[in-house]
Amino acid sequence: MIIVMKSTSTNADIQHVLSFLEHHGLTGHPSQGVERTVIGVLGAISPTGAPGSIGGISPAIGGSIEGLAGVESVFRVSKPYKLASREFHPEDTIVEIPVPCVAGGIVGVGGASVVMMAGPCTVETEQQLMVTAEAVRKEGAVILRGGAFKPSTSPYGFRGLGEDGLKLLAKARKEFGMAIITEVMTPTDVAMVCEYADILQIGTRNMQNYMLLDEVGRTQTPVVLKRGMSATFEEWLLAAEYILAQGNHNVILCERGIRTFEKTTRNTMDISAIPLIKRLSHLPIISDPSQGTGRRDLVGPMSLASIAAGTDALLIEVHPNPDEALKDGAQSVTIEQFRDLMPQVHAVSKAIGRSIITE
Ligand code: PEP
Ligand code: MN
């Protein structure tokens, strides 16, 4: 259920509606728009932390809410996800990331400009990370990616340096002023990873790890939620809803390719997800053409296609020597390829009336 407040409603009106909801065992999530406030209503959060059902809200309560001071209208959201829906929040959400190397120190993901996030798939050595960070920063990336806790399909694959990898990322942030995005895999690691990360990445394999979603939802750290490799839009947005329902509204969705019958590419990059998510949701959507294709030669074209389709950021794997990478070398572009791609990224952004934030 969504409560639309009148544009003339006061803070006291809003507080009164929130207390009324609480009294009936419901949770109100206010969202302040330019013109008016809307309040998303969820059933009470259960003791296990799972978001409550909206089905339990009786029509009678809806009717009483309509009579409260400052309330313009009450309507039911037709989608199973509520807080993630466009209906709840008609304006685009902009997730703000602290980035020391840009003027003003903040970068908005989901606003007018496109944000470049780049770096190695996995932090391997200090030298590999620093060389890559310096190079991608020089070309205009403002957010540094690098996995320290890596999901590995094979238990014999490289699983990352763990906290030592996070320490190297912190060092790179200090040196180059970039923000850090890195993956967190378990609820028990969330607090520790938050000490290093500016953005938490939830990987495709964990999109439906509900305890992990709850836990990152209890922080205020921005989260990039990768699309599960076989997830429908509804499942993906319901996963986002878990994070939002816990109170963390800094959620960014990431298209990273889905599994299809095709074997020539690692995944099938679903470019249509970008404009479609923008219709269904107010959350920013970004694009990862590296996992999306699994092929270095396709990263450039898919980056440009993503920008043309409206992506809010690109997340690109770059390695100084991809043939020797411990992970995802085949899909990592070289520093030279990244450099050659940047003018094209600028040109396509300009063609659709957007720019790239680089400083
Ligand atoms: C990655 O970004 O390196 C990664 C493992 O991503 P995904 O979870 O999308 O496979
Ligand atoms: Mn990778």
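These questions and answers go through a predicted model and set its computed values against the definitions behind them.

This is a predicted model, in which local features need pLDDT of at least 70, side-chain atom pairs count only at pLDDT 80 or more, and totals for chains, interfaces and linings use all residues. Residues are numbered from 1 along each chain as its sequence is written, chains are lettered from A and ligands numbered from 1 in the order in which they are written, and side-chain values use heavy atoms, with hydrogens and water left out.

Q: What is the mean pLDDT of the protein chain?
A: pLDDT is the predictor's confidence in each residue, from 0 to 100. The chain has a mean of 94. Of its residues, 95% reach 70 or more.

Q: Where does pLDDT stay under 50?
A: It does so over residues 47–55. For this stretch the model has 18 contacts beyond four places in sequence. Contact means heavy atoms within 4.5 Å.

Q: What makes C121, E317 and D328 donors of the manganese ion (ligand 2)?
A: Donors are N, O and S atoms within 2.8 Å of the metal (3.2 Å for Na, K and Ca). C121 (SG), E317 (OE) and D328 (OD) coordinate the manganese at 2.0 to 2.5 Å, so they meet the rule. Water is not among the atoms, so sites may look incomplete.

Q: How are the donors of the manganese ion (ligand 2) spaced along the chain?
A: The spacing is C-x195-E-x10-D. C121 sits in the loop between β7 (113–119) and α3 (126–139), and E317 in strand β14 (residues 313–317). These two are 196 residues apart, and the pair links distant parts of the chain. Helices (H or I, at least four residues) and strands (E, at least two) are DSSP runs, numbered from the N terminus.

Q: Why does C121 count as buried or exposed?
A: Buried means under 20% relative accessible area, exposed over 50%, and partly exposed in between (1.4 Å probe, protein chains only). C121 has 2%, so it is buried. E317 has 0%, so E317 is buried too. D328 has 19% and therefore also counts as buried.

Q: What is the phi of D328?
A: It is positive, about 55°, although D328 is not a glycine. D328 lies in the loop between β14 and α11.

Q: Why is the D198 and R173 pair called a salt bridge?
A: The rule asks for a side-chain nitrogen of Lys or Arg within 4 Å of a carboxyl oxygen of Asp or Glu. Here the closest N and O atoms are 2.8 Å apart, and the pair forms a salt bridge. D198 lies in the loop between α5 (190–194) and β10 (199–202) and R173 in helix α4 (residues 163–176), so the pair ties together parts 25 residues apart in sequence. D198 is buried, at 12%.

Q: How many salt bridges does this rule give?
A: The count comes to 16.

Q: Which parts of the chain do R296 and D323 link?
A: Their side chains meet in a salt bridge at 3.3 Å, N to O. R296 is in helix α10 and D323 in the loop between β14 and α11 (335–351), 27 residues apart. R296 has 22% accessible area, so it is partly exposed. D323 has 66%, so it is exposed.

Q: How do you know whether R354 and D312 are buried or exposed?
A: R354 has 15% and so counts as buried. D312 has 1% and so counts as buried. Their side chains meet in a salt bridge at 2.6 Å, N to O. R354 lies in the loop between α11 and β15 (355–356) and D312 in the loop between α10 and β14, so the pair ties together parts 42 residues apart in sequence.

Q: What is the nearest side chain of opposite charge to D13?
A: It is K6, 7.8 Å away. D13 is buried yet has no salt bridge. Lys and Arg count as positive and Asp and Glu as negative; His and the chain ends are not counted. D13 lies in helix α1 (residues 11–23).

Q: Why are the buried residues of α8 said to line one face?
A: In helix α8 (residues 273–280), A273, I274, I277 and L280 are buried. Seen down the axis, they fall within an arc of 130°, so they line one face of the helix. The arc is that of the directions from the helix axis to the C-beta atoms. These residues pack against α7 (233–245), β12 (251–255), β13 (285–287) and α10 (296–309).
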